Amino acid sequence: MMIAKFLGTRCPNSRRLSCTPTLQAVRRMSVRPAKHPPAATSPPLTPHAKTTIARLLSLRASKTPITALTAYDYPTALACSAHPVDITLVGDSLAQVCLGYPSTTRLSLDEMLHHCRAVARGTTSPLLIADMPFGTYAPSVSDAIRSAIRMVHEGHVEGVKLEGGGEVAEHVRALTKTGIPVMAHIGLLPQRYVSLSGYRVQGRTAESASTLLRAARALEDAGAFSIVLEAIPAVLGAYITEQLNIPTIGVGAGPGTSGQVLVWDDMVGTWSGHKPRFVRHFADVRKEVARGVSGYVNAVKNGSFPDPDREGYSMDHGEWEIFLAAEGRPSWTWTSAPRNAPTGDAVPEN
C-alpha cells in the first residue's frame with residue numbers, strides 16, 4: 001500500500017511544512033487498516049462462485065473431489081478463500097493448535113464463537129462450517145438447537161458439525177428442521193478420545209464397520225448434508241461413500257471418499273505435536289517461522305534493523321533546529337550506534 005509523505009518543503013514565508021506535500025511512495029504502517037482486505041497470498045485470477053450444499057452434491061455426483069481445510073482466524077480464512085477450498089471448517093482442533101489446550105473437550109462455546117467471527121470476516125466463496133464444542137449439543141436436543149443458533153447468529157457460520165452416530169440423529173433432525181445445515185462426523189471422534197482409549201483407528205472389525213455404516217445411514221436419513229469419516233480403513237471409507245447419497249469428507253479414510261479435509265497446522269507443517277499417519281505436510285511453514293524470528297532477533301541485536309534510511313522517517317532540518325531551540329539544547333546531536341551489515345535473513349519485498 002502507498003501513502004503520501006511530507007518531504008519537508010516549506011510554504012512561502014512560513015516555518016510550517018508545505019500545505020501541498022510532495023508525494024513519495026512509502027510503506028503503510030502495519031497498524032493502519034487497508035481499504036480492501038489483502039489476500040493472504042496471491043489472489044485468484046478469476047472470482048469463484050459461492051460453495052453451496054447443492055454445489056457439493058453436484059461435485060459428488062460428478063466425482064470431483066471436494067476440498068476442505070480448517071481455519072481459525074482472519075488470515076487463514078483469507079487464504080482458504082483466495083485459492084480457494086470448497087469448505088472452510090472452524091474446527092474444534094483450535095483448542096489444541098491455537099489455544100494450547102490438551103484436548104478439544106476444553107473448548108468453550110464462547111471461545112469457538114470468537115474464532116468463528118474472525119474466520120467469517122475473511123470467508124468469501126467457501127461454505128463456512130464450524131464444530132459444535134463438546135457439551136454444547138449432546139445433553140439434549142434443545143441444548144443443540146440453542147447452541148447452534150448462537151453459532152449461526154453470533155458466529156456467522158453457515159452450518160455446524162456434530163460428532164456422533166445414531167445417538168445424535170435426533171439432534172441432526174431437529175437442527176435441520178430449524179434450518180441449520182448439519183455436517184455429521186463418525187469414525188474416530190476426538191471429543192470422545194477418553195472413552196475410545198485414545199485416538200485409535202475405528203471400523204477395523206466387521207462388527208464395528210457395520211456399526212459405522214448404520215450410523216452413516218441414520219445421519220443421512222436425519223438430514224445431514226455431508227458426513228466426515230475420520231480414521232477408518234480406506235476400503236470402508238469407499239464403501240460407505242458408495243452407499244450414501246450425500247458427500248463424505250475423509251480425514252484418514254482413504255481416497256475413496258467424496259473429498260478430503262486436513263487441519264491447517266498439519267497441512268502447513270506448524271503443528272509440533274503428534275503427526276497422524278494420514279497427515280501430509282504441503283509446506284514447511286514452521287521452518288520459515290523459525291528463520292524469520294531468529295533473523296529478526298539477530299538483526300535487532302547486531303544493529304542492522306531498523307535501517308534509518310530505508311525503514312525510518314525523516315524530519316525537516318529547519319523544523320528540528322526550531323525544536324531543539326525550544327528545548328534549550330541547540331547543540332544536541334545524535335550519533336547512531338555502529339551498524340553491522342544486514343544478515344541476509346530478511347525476505348525481499350515485492
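This report covers backbone exceptions and cysteines in a predicted model.

**Backbone with positive phi**

Two non-glycine residues are described here. Lys-63 has a positive phi of about 60°, although it is not a glycine. Lys-63 sits in the loop that runs between α1 (53-61) and β3 (66-70). The residue is exposed, because its relative accessible area is 74% and the cut-off for exposed is over 50%.

His-156 also lacks the excuse of being a glycine, yet its phi is positive, about 65°. Its place is the loop between α5 (141-153) and β6 (159-163). His-156 counts as partly exposed, because its relative accessibility is 46%, which falls between the 20% and 50% limits.

| Residue | Phi | Loop between | Relative accessible area |
|---|---|---|---|
| Lys-63 | about 60° | α1 (53-61) and β3 (66-70) | 74%, exposed |
| His-156 | about 65° | α5 (141-153) and β6 (159-163) | 46%, partly exposed |

**A cis peptide bond**

Which peptide bond is cis, with omega near 0°? The bond from Phe-305 to Pro-306 is. Pro-306 belongs to the loop between α10 (285-302) and α11 (317-327).

**Cysteines**

How many disulfides does the structure hold? The count is zero. Cys-80 is buried, because its relative accessible area is 1% and buried means under 20%. Cys-98 has a relative accessibility of 36%, so this cysteine counts as partly exposed.

Terms used:
Residues are numbered from 1 along each chain as its sequence is written. This is a predicted model: local features need pLDDT of at least 70, side-chain atom pairs count only at pLDDT 80 or more; totals for chains, interfaces and linings use all residues. Side-chain values use heavy atoms; hydrogens and water are left out. A disulfide is a pair of cysteine sulfur atoms within 2.5 Å. Buried means under 20% relative accessible area, exposed over 50%, partly exposed in between (1.4 Å probe, protein chains only). Helices (H or I, at least four residues) and strands (E, at least two) are DSSP runs, numbered from the N terminus.
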